[in-house]
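Trainee: I have a new chain to learn today, and I would like to go through it with you. Could we take it step by step?

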Amino acid sequence: MLKISLMDQSDLDEAYKIEKQVNPTPWSKENFYSSFEIGHHSLVCKADSQLIGFIIFSIIKREAHLLNIGIIKDWQNKGAGSLLLESLIKQCKVLGAKKIFLEVRSKNQKALFFYKKYKFIEDALRVDYYSGDNPDDAILMSLEI
Ligand SMILES: CC(C)(COP(=O)(O)OP(=O)(O)OC[C@H]1O[C@@H](n2cnc3c(N)ncnc32)[C@H](O)[C@@H]1OP(=O)(O)O)[C@@H](O)C(=O)NCCC(=O)NCCS
């Protein structure tokens, strides 16, 4: 059974392993540790004791920003991402946010479908936002909650 809980410091290395597997421009391990230390909100999804996904977000006043989400490959398309996103939306509401913002690669069709399922709308396009080996534009999306 899938279970959502707050991310613990001991989850960071495992979350970083997932990030390297699923993100073409992954956060570094230091990014994970500093995000945790500066108090970003983060949740994990576990199947029994195995960490299979994470979501990281920040909230400033009434605006939330989804900073990162990743589900281990073997567990994609099995509802874990949905569970994490629904938990994020609930937490954002409780913490007083009114809107959630995110950026997604324009070529990441799967993630675009995923966010649209939750009624995120496309607000803007940032051309050449992602550089390096996998250049891409970013689509800025938001959801009123
Ligand atoms: C995008 C991601 C977070 C979604 O999580 P997931 O656990 O795989 O998604 P779920 O099983 O909860 O699927 C939810 C919805 O996503 C959409 N979806 C999932 N896979 C899809 C696919 N291959 N094609 C189209 N839509 C898809 C569907 O709308 C699906 O809802 P449905 O099952 O009712 O049809 C996950 O696949 C992932 O980690 N991808 C790699 C990292 C990434 O792209 N992160 C986002 C960066 S912005």
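**Faces, core and ligand shell**

Mentor: Happily, and let us begin with strand 5 of this predicted model. Strand 5 has a covered face made of Ile-100, Leu-102 and Val-104, while Lys-99, Phe-101, Glu-103 and Arg-105 form the uncovered one.

Trainee: Which residue in strand 7 stands opposite Phe-101?

Mentor: Start from the pairing: strand 5 and strand 7 are antiparallel partners, joined over 7 bridges. Phe-101 belongs to the uncovered face of strand 5. Its opposite in strand 7 is Ser-142.

Trainee: And on the strand 4 side, do the strands run parallel or antiparallel?

Mentor: Here His-65 is the residue opposite Phe-101 of strand 5. Strand 4 and strand 5 are joined by 3 bridges, and with helix 3 they make a right-handed β-α-β unit. The sense of strand 4 with strand 5 is parallel.

Trainee: Let me step back to the whole chain. In what order do the elements run from the N terminus?

Mentor: The count is a good place to begin: the protein chain has 4 helices and 7 strands. Read from the N terminus, the order is β-α-α-β-β-β-α-β-α-β-β.

Trainee: What radius of gyration does the protein chain have?

Mentor: The C-alpha atoms fill a box of roughly 40 × 40 × 30 Å along the principal axes. A compact globule of 145 residues would have a radius of gyration near 15 Å, so the value for the protein chain agrees with that: 14 Å.

Trainee: Which strand gives the most to the largest nonpolar core?

Mentor: That core has 33 residues, and among those touching the most other members are Ala-15, Leu-43, Val-44 and Phe-54. Elements giving two or more residues to this core include helix 1 (12-22), strand 2 (41-47), strand 3 (50-60) and helix 3 (80-94). With 6 residues, the element that gives the most is strand 3.

Trainee: Leaving aside neighbours within four places in sequence, which residues is Phe-54 in contact with?

Mentor: Phe-54 is one of the core residues that touch the most other members. For the chain, 59% of the contacts between residues at least 6 apart in sequence join residues at least 24 apart. With neighbours within four places left aside, the contacts of Phe-54 are Met-7, Ala-15, Ile-18, Ser-42, Leu-43, Val-44 and Gly-70.

Trainee: Now the ligand. Which element gives the most to the shell around the ligand?

Mentor: There are 19 residues around the ligand, the closest being Gln-76, Gly-81, Ser-82, Phe-113 and Phe-114. Strand 4, helix 3 and helix 4 (109-117) each give two or more residues to this shell. The most, 5 residues, come from helix 4.

Trainee: Is Lys-119 buried or exposed?

Mentor: Lys-119 sits in the loop between helix 4 and strand 6 (121-130). Its C-alpha is 14 Å from that of Leu-88, with the two positions 31 residues apart in sequence numbering. A residue counts as exposed with 12 or fewer C-beta neighbours within 10 Å. Lys-119 has 9, so it is exposed.

Trainee: Last one: what is the phi of Asn-77?

Mentor: Most residues other than glycine have a negative phi. Lys-119 departs from that with a positive phi of about 75 degrees. Asn-77, in the loop between strand 4 and helix 3, is exposed because it has 10 C-beta neighbours inside 10 Å. Asn-77 is not a glycine either, yet its phi is positive, at about 65 degrees.

Methods:
Residues numbered from 1 in each chain as written. Predicted model: local features only at pLDDT ≥ 70, side-chain atom pairs only at ≥ 80, totals over all residues. Rg over C-alpha atoms; globule rule 2.2 N^0.38 Å. Contact = placed C-beta atoms within 7 Å. Core = buried A, V, L, I, M, F, W, Y, C linked by C-beta atoms within 7 Å. Buried ≥ 20, exposed ≤ 12 C-beta atoms within 10 Å, placed from the backbone. Pairing = 2+ DSSP bridges. Right-handed = clockwise from strand over helix to strand, strands pointing away. Near = placed C-beta within 6 Å.
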